[in-house]
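Hi,

Here is the structure I promised to pass on. Have a look at it first, and my notes follow below.

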Amino acid sequence: LGDVRVRQALSLALDRRGLVDAIYKGTATIPKWISNSGTFGYGKSAFQAAYDASPDMNQDLTKAKQLIVDAGATGKSITIGMSSELTGISIEAAALKAAAEAIGMKATLHSVSAQNFINFFIDPKARVGIDGFFTLNYGDYAGPEALPATFLIPAGSQNFAGRGVQGSDPNAAGPAKIAGRVDAARGTADPTALAPEAADIAAPRPTAPPR
């Protein structure tokens, strides 16, 4: 999962409509950003324009399979932390496993009790041998820059990979630059000035393969 092409491929292979139907009984929308439009509490016109211009997160198995070939990841395996006792997490895990297998990878689901699922978040020992695990995100406040900040800044609560942390991230310069933009945006009090920058941070964009 350290190769961005593998992460992109898994994202493209996910059946998000199936997840919405299975978990939310068809009542949720498929977001274009990690922060969906419900977080647009200020600068709504700027955010909505950027959101509308962003691509839909549609399933594309053909493109996903090619990314896996390009990354040399065909036949490789990932281990995902989950809990079969948590319905939503269990459904998501099965969907990711199906997505991985549909594009030529293998996926092992490492299930723990519902009580112990929290350990993935708080105990590094629980994450040993785990390539990823699931979470349900929500906006702490009505600004779409809030959620990305949790994994884009070095001290972010969801920055488990140590992005931008000197000594932990061999490519720290790039993430550190992004973290600087996030901090600058969060320190801007004027909503009119903040909205365009926050929208650019929150909006996904194509990422070049790592060298």
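Why does helix 1 (residues 4–13) count as largely enclosed by the rest of the structure? Because seven of its 10 residues are buried. Keep in mind throughout that this is a predicted model.

The buried residues of helix 1 are Val4, Arg5, Val6, Ala9, Leu10, Leu12 and Ala13. They pack against helix 4 (61–71), strand 1 (77–82) and helix 5 (87–102), if you want to click through those elements.

Now the overall picture. The protein has nine helices and three strands, and read from the N terminus the order is α-α-α-α-β-α-β-α-β-α-α-α. With 211 residues, a compact globule would have a radius of gyration near 17 Å, and the 18 Å found for the protein agrees with that. Along the principal axes, the C-alpha atoms fill a box of roughly 50 × 45 × 40 Å. Buried residues make up 35% of the 211. The accessible surface comes to about 11900 Å², with 55% of it belonging to carbon and sulfur atoms. If you count the contacts with a separation of 6 or more, 66% of them link residues 24 or more positions apart.

Next, a few loop residues worth a look.

Ala142 sits in the loop between strand 3 (132–133) and helix 7 (146–152). Buried or exposed? Neither, as it turns out: Ala142 has a relative accessible area of 42%, so it is classed as partly exposed. Leaving aside residues up to four places away in sequence, Ala142 touches Thr39, Phe40, Gly41 and Tyr42. Gly41 is 101 residues from Ala142 in sequence, yet their C-alpha atoms are 4.5 Å apart.

Glu85 is in the loop between strand 1 and helix 5. Its relative accessible area is 53%, so Glu85 is exposed. Even so, Glu85 touches Ser113 and Ala114, again not counting residues up to four places away in sequence. Between the C-alpha atoms of Glu85 and Ala114 there are 5.6 Å, with 29 residues separating the two along the chain.

Lys25 belongs to the loop between helix 2 (16–23) and helix 3 (44–53). What caught my eye there is the backbone: Lys25 has a positive phi of about 55° although it is not a glycine. Lys25 counts as exposed because its relative accessibility is 66%.

One helix residue also made my list. Ile122 is part of helix 6 (residues 119–122), and at 58% relative accessibility this isoleucine counts as exposed. From Ile122 to Ile80 the C-alpha distance is 16 Å, with the two positions 42 residues apart in sequence.

Last, a pocket. Which residues line the second largest pocket? They are Phe121, Thr135, Leu136, Asn137, Tyr138, Asp140, Leu147, Thr150, Ser157, Gln158 and Phe160. By type, that lining divides into five nonpolar residues, five polar and one charged. The space inside the second largest pocket is about 200 Å³.

That's the lot from me. Happy to go through any of it with you.

Cheers

Conventions:
Residues numbered from 1 in each chain as written. Predicted model: local features only at pLDDT ≥ 70, side-chain atom pairs only at ≥ 80, totals over all residues. Heavy atoms only, no water. 1 Å grid on protein atoms, 1.4 Å probe; cavity = no way out; pocket = protein on both sides within 12 Å on 5 of 7 lines; lining within 4 Å. Points joined across faces, edges and corners; volume = space filled by probe spheres on them. Nonpolar A, V, L, I, M, F, W, Y, C, P; charged D, E, K, R; others polar. Helix = DSSP H or I, 4+ residues; strand = E, 2+ residues; numbered from the N terminus. Rg over C-alpha atoms; globule rule 2.2 N^0.38 Å. Buried < 20%, exposed > 50% of the residue type's maximum accessible area, 1.4 Å probe, protein only. Contact = heavy atoms within 4.5 Å. Areas by Shrake-Rupley, 256 points an atom, 1.4 Å probe, with all protein chains shown as cover.
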